[in-house]
Amino acid sequence: MKNDVYYIKRCGLLAQEAAAKGDAPVGSVIIKGDEIISEAIEASKYKNDITCHAELEAIRLAVKKLKTNDLSDCAIYSTHEPCILCSYAIRFYKIRKVVYQHAVIYLGGVSSIMPLLNSKEVPPHWGEVPVIVHLKNCK
């Protein structure tokens, strides 16, 4: 069975791809069980669309592939702490686990002054606070 480090390393490879295209070096993977459901790179500059964060792109693909808005059986991995925009989507789609490597202090969904990922003050239909794992020293 693959572990968190395996998926974070895959995110790192995706981040290199994003950087090569001129975007921020961010990659994201969504898994269900031990299977990668979707993966994506940061594409905000490439697509000229500020909403094309790696996490959102991966969520869009997962929702389309699984044909559901309920991703409660899924985990999301990212090179960077999901921002508040991505955190909104993660909570809305009820993703059960969030694993990231680099903190994003100003707009991060955990470490900023707007900790949407671990807030209990969200609409009740969003579900529970996801398990949050910060893999600081993953090489």
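**Exercise 1. The surroundings of helix H2**

What covers the buried residues of H2? Work this out on the predicted model, and check the length of the helix as well.

*Solution.*

Step 1. List the residues concerned. In H2, the buried residues are Ala54, Glu55, Leu56, Glu57, Ala58, Ile59, Ala62 and Val63.

Step 2. Look for what lies over them. The cover includes S1, S2, S3 and H3.

Step 3. Place the helix against the strands. H2, residues 54-66, lies across strand S1 (27-32), S2 and strand S3 (74-80). With respect to S2, the helix runs at about 140°.

Step 4. Check the length. H2 has 13 residues, and at 1.5 Å a residue these should span 18 Å. The end C-alpha atoms are 18 Å apart, which agrees with the expected value.

Step 5. Look past the end of the helix. Lys67, just after H2, takes a positive phi of about 55°.

**Exercise 2. The order of the strands**

In what order do the 5 strands of the open sheet stand, and which strands stand at its edges?

*Solution.*

Step 1. Read off the order, which is S2-S1-S3-S4-S5, with mixed pairing.

Step 2. Find the edges. Strand S2 (35-41) and strand S5 (131-134) each have a single partner strand, so one side of each is left without a neighbour in the sheet.

Step 3. Compare directions. Ignoring direction, neighbouring strands of this sheet are turned by 15° against each other on average.

Step 4. Take one pair in detail. Strand S4 (residues 97-102) pairs with S5 in the parallel sense, over 4 bridges. In this part of the sheet, Tyr100 stands opposite His134 in S5.

Step 5. Turn to the loop between S4 and S5, where Pro123 is found. Its relative accessibility is 32%, so Pro123 counts as partly exposed. The C-alpha atom of Pro123 is separated by 8.8 Å from that of Phe92, although the two residues are 31 residues apart along the chain.

**Exercise 3. The nonpolar cores**

How many residues does the largest nonpolar core have, and which element supplies the largest share of this core?

*Solution.*

Step 1. Count the members: the largest nonpolar core has 19 residues. Those with the most contacts inside it are Ile30, Ile59, Leu71, Ile76, Ile90, Tyr93 and Ile95.

Step 2. Assign the members to elements. At least two residues of this core come from each of S2, H2, S3 and helix H3 (84-92). The largest share, 5 residues, comes from H2.

Step 3. Separate the other core. Apart from the largest core lies another of 13 residues, among them Val29, Tyr77, Val99 and Cys138.

Step 4. Follow one residue. Leaving out residues up to four places away in sequence, Ile90 touches Ile59, Ile76, Pro82, Ile95, Val98 and Leu117.

Step 5. Examine the helix that holds this residue. Ile90 is one of the buried residues of H3, together with Cys86, Ser87, Ala89 and Arg91. Their cover includes H2, S3 and S4. Just after H3, Lys94 takes a positive phi of about 60°.

**Exercise 4. The salt bridges**

How many salt bridges does the structure hold? For three of them, state which parts of the chain they tie together.

*Solution.*

Step 1. Give the count: the structure holds 5 salt bridges.

Step 2. Take Asp4 and Lys97, whose closest N and O atoms are 3.0 Å apart. Asp4 belongs to helix H1 (residues 4-20) and Lys97 to strand S4, so this pair ties together parts that are 93 residues apart in sequence. Both Asp4 and Lys97 are buried.

Step 3. Take Arg10 and Glu39, which meet at 2.6 Å, N to O. Since Arg10 lies in helix H1 and Glu39 in strand S2, the pair ties together parts that are 29 residues apart in sequence. Arg10, at 26% relative accessibility, counts as partly exposed. Glu39 is partly exposed too, with a relative accessible area of 28%.

Step 4. Take Lys47 and Glu57, with closest N and O atoms 2.7 Å apart. Lys47 lies in the loop between S2 and H2, and Glu57 in helix H2, so parts that are 10 residues apart in sequence are tied together.

Step 5. Classify this last pair. Lys47 has a relative accessible area of 46% and is partly exposed. Glu57, with 11%, is buried, because the cut-off for buried is under 20%.

Step 6. Extend the pair to a network. Salt bridges link Lys47, Glu57 and Arg60.

Notes
Residues numbered from 1 in each chain as written. Predicted model: local features only at pLDDT ≥ 70, side-chain atom pairs only at ≥ 80, totals over all residues. Heavy atoms only, no water. Pairing = 2+ DSSP bridges. Axes fitted to C-alpha atoms, helices over the stretch in contact; angles between N-to-C directions. Contact = heavy atoms within 4.5 Å. Core = buried A, V, L, I, M, F, W, Y, C linked by side-chain atoms within 4.5 Å. Buried < 20%, exposed > 50% of the residue type's maximum accessible area, 1.4 Å probe, protein only. Expected span 1.5 Å × (residues − 1). Salt bridge = Lys/Arg side-chain N within 4 Å of Asp/Glu carboxyl O.
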